[in-house]
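Me: I should like to understand how the labels used for a protein structure are justified. Please show me the structure, and then let us reason through some of them.

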Amino acid sequence: MAHNGETNFIGGHWRSDPLGETRPQHSPIDESAIGLLCWSSRQAAVDAIAAARAAQPGWRKVSTWDRARAMRRIGDAITARHEELARLLTLEQGKPYAEAYFEVGKSVDGFNLAADLVKYLEGSTIPTEDPTKRVMTFYQPRGVYAVVTPWNFPVNIPVEYIAPGLAAGNTIVWTPAPTTSLVAVALVKAIEDADLPPGILNLVTGAGDVVGDEIVSNPGTNAVGFTGSAATGKIISQRAAGKPQLMELGGNGPVVILEDADLDRAAAATASGSFLNAGQVCSSSERILVQREVYDAFAGRMAAAARAVVLGDPRKEGVTMGPLNNEGVARKVAEHVGDAVSRGARAIAGGEHPEGALSPLYFEPTILTGVTRDAIINTEETFGPVAPLLVFDSDEEALEIARDNRYGLVSSVFTQDIDRAFRYVEEMPTGIVNINDTSNYWELHIPFGGVSGKDSGIGRVGGRHALTAMCDLKTATFTVR
């Protein structure tokens, strides 16, 4: 971990920024200072872009097999620092150590998957009308990728862009969320151990509206990858106009509990979707639609699941939920709960900041019943440990409520009727529909992203889908006699 403010990695060297400033970084667990972070100027971002541009021609000429070997070396280097990274991730982000350890392990899988898939990044030959023509297509790297990532999964989400991006032959300029930038530094230090050419991966820490804005808008970057809020995504999309954009944005995807569902299974999966990472997941169970016949029974099971959550210091064994990451999200969670209660909802579990917590960022796992459709929590992404329960009477009403939302990322449906399940798969306005499982279910190779016309993103991350998205498809024609 960097303690001296040299948290920028540019052209293969660690450096601070004389035009920026150094600030202490604090843990959400207890507000203690845990290191120093460089809040960089635009010039640092410009320097990083220059380094990435200088390195890109050489990196794209490295053979596919050698780039794949480099990805595996990165995976091995992260494995060697697995425990160190997980402990820092818990300290800086606030998630329980078990969740942090799992996340670091998935980042290793991400590099290994990129190493495997890039070997099969195949083009095609296309038949033509003209017998003297031969046409082929193949993939080429886009060039310099600007990558901006959030604080909720500060190791795994960056790898969703960095691994396929580097494997395909791009170079990267990465700006992480300020509140989790020290773990980003630690990740890059691990990657540095893999002995890569200088300049292919560059890290610039600081404010998103300074360094993030520079790397997405600067003409020196060729494409943009971003995961974060819909509001920020729209700003980035405008600033990066004309560049290919791969974006995974917000979610408020519904979980639908039909009257024939296995309620024990549904409650366990939905509670997991609501409380994993303190609900700070774009695919979390943010609004739960329950058919009237089973509403009370399901609500009771959810309240019991909430009471079983162990809230506390995430470094301690047995704790299953830690604090929220920052003041902004903590304030929003309290506001959303307060608004729902003012409109007639009732907290049957949780609903408040616990007394005597180590910091103001802890919020009780919360179950709200009687939530109305006009409540903010039903229309906006809450990003906290709150499960709001709405009632419905028919499939048509459930789908109407589901559609009445600007997000379209992930949904879940619990039913034992295969015909109804297929109807929801086809009609649910989300890019992903999980049947009889948590809304948080996903694997690295599966396409992940939102549906058109909603505020949940552009394109797909995951496996070969990210790999091809981070490349240009080139067509070549040959005239033969």
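Reply: Let us begin with a definition: helices, of at least four residues, and strands, of at least two, are DSSP runs numbered from the N terminus. Please note also that this is a predicted model. With those names, Gln280 can be placed in the loop between helix H9 (263–275) and strand S13 (287–291).

Me: Why is Gln280 called buried?

Reply: Buried means under 20% relative accessible area. Gln280 has a relative accessible area of 0%, so the residue is buried.

Me: What does Gln280 touch, leaving aside residues up to four places away in sequence?

Reply: Its contacts include Trp151, Phe153, Pro323 and Phe383. Gln93, Asn152 and Asn325 are also among them.

Me: Why is the pair of Tyr97 and Tyr101 called tilted?

Reply: Two such rings pair if their centres lie within 6.5 Å, and planes that are neither under 30 degrees nor over 60 degrees apart count as tilted. For Tyr97 and Tyr101 the centres are 5.9 Å apart and the angle between the planes is 50°, so the pair is tilted. Both residues belong to helix H4 (residues 97–117), where they are four residues apart, about one turn of the helix.

Me: What makes Tyr101 partly exposed?

Reply: Partly exposed lies between the limits of 20% and 50%. Tyr101 has 38% relative accessibility and therefore counts as partly exposed. Tyr97, with a relative accessible area of 22%, is partly exposed as well.

Me: How do you know that Arg87 lies over the face of Tyr97?

Reply: One condition is that CZ of Arg is within 6 Å of the ring centre; another is that it is within 35 degrees of the ring normal. Arg87 is at 4.6 Å from the ring centre of Tyr97, and is found over the face of that ring.

Me: Why is the pair of Trp442 and Phe448 called tilted?

Reply: The ring centres are 5.1 Å apart and the planes are at 50°, so the pair is tilted. Trp442 counts as partly exposed at 23% relative accessibility, whereas Phe448 counts as buried at 8%.

Me: Which residues make the nonpolar surface patch?

Reply: Ile418, Phe422, Val425 and Ile435 make this patch of about 350 Å². Helix H14 (residues 418–427) gives the most to the patch, with three residues.

Me: What makes Phe422 accessible enough to belong to a patch?

Reply: Patch residues need over 30% relative accessible area. Phe422, which is in helix H14, has 49% and therefore passes that limit.

Methods:
Residues are numbered from 1 along each chain as its sequence is written. This is a predicted model: local features need pLDDT of at least 70, side-chain atom pairs count only at pLDDT 80 or more; totals for chains, interfaces and linings use all residues. Side-chain values use heavy atoms; hydrogens and water are left out. Patches are made of residues with over 30% relative accessible area and no salt bridge: like charges are joined within 9 Å, nonpolar side chains (Val, Leu, Ile, Met, Phe, Trp, Tyr) within 5 Å. Accessible areas come from the Shrake-Rupley method with a 1.4 Å probe; for residues, only the protein chains shown count as cover. A salt bridge is a side-chain nitrogen of Lys or Arg within 4 Å of a carboxyl oxygen of Asp or Glu. Buried means under 20% relative accessible area, exposed over 50%, partly exposed in between (1.4 Å probe, protein chains only). Rings of Phe, Tyr and Trp (its six-membered ring) pair if their centres lie within 6.5 Å; planes under 30 degrees apart count as stacked, over 60 as edge-to-face and the rest as tilted. Contact means heavy atoms within 4.5 Å.
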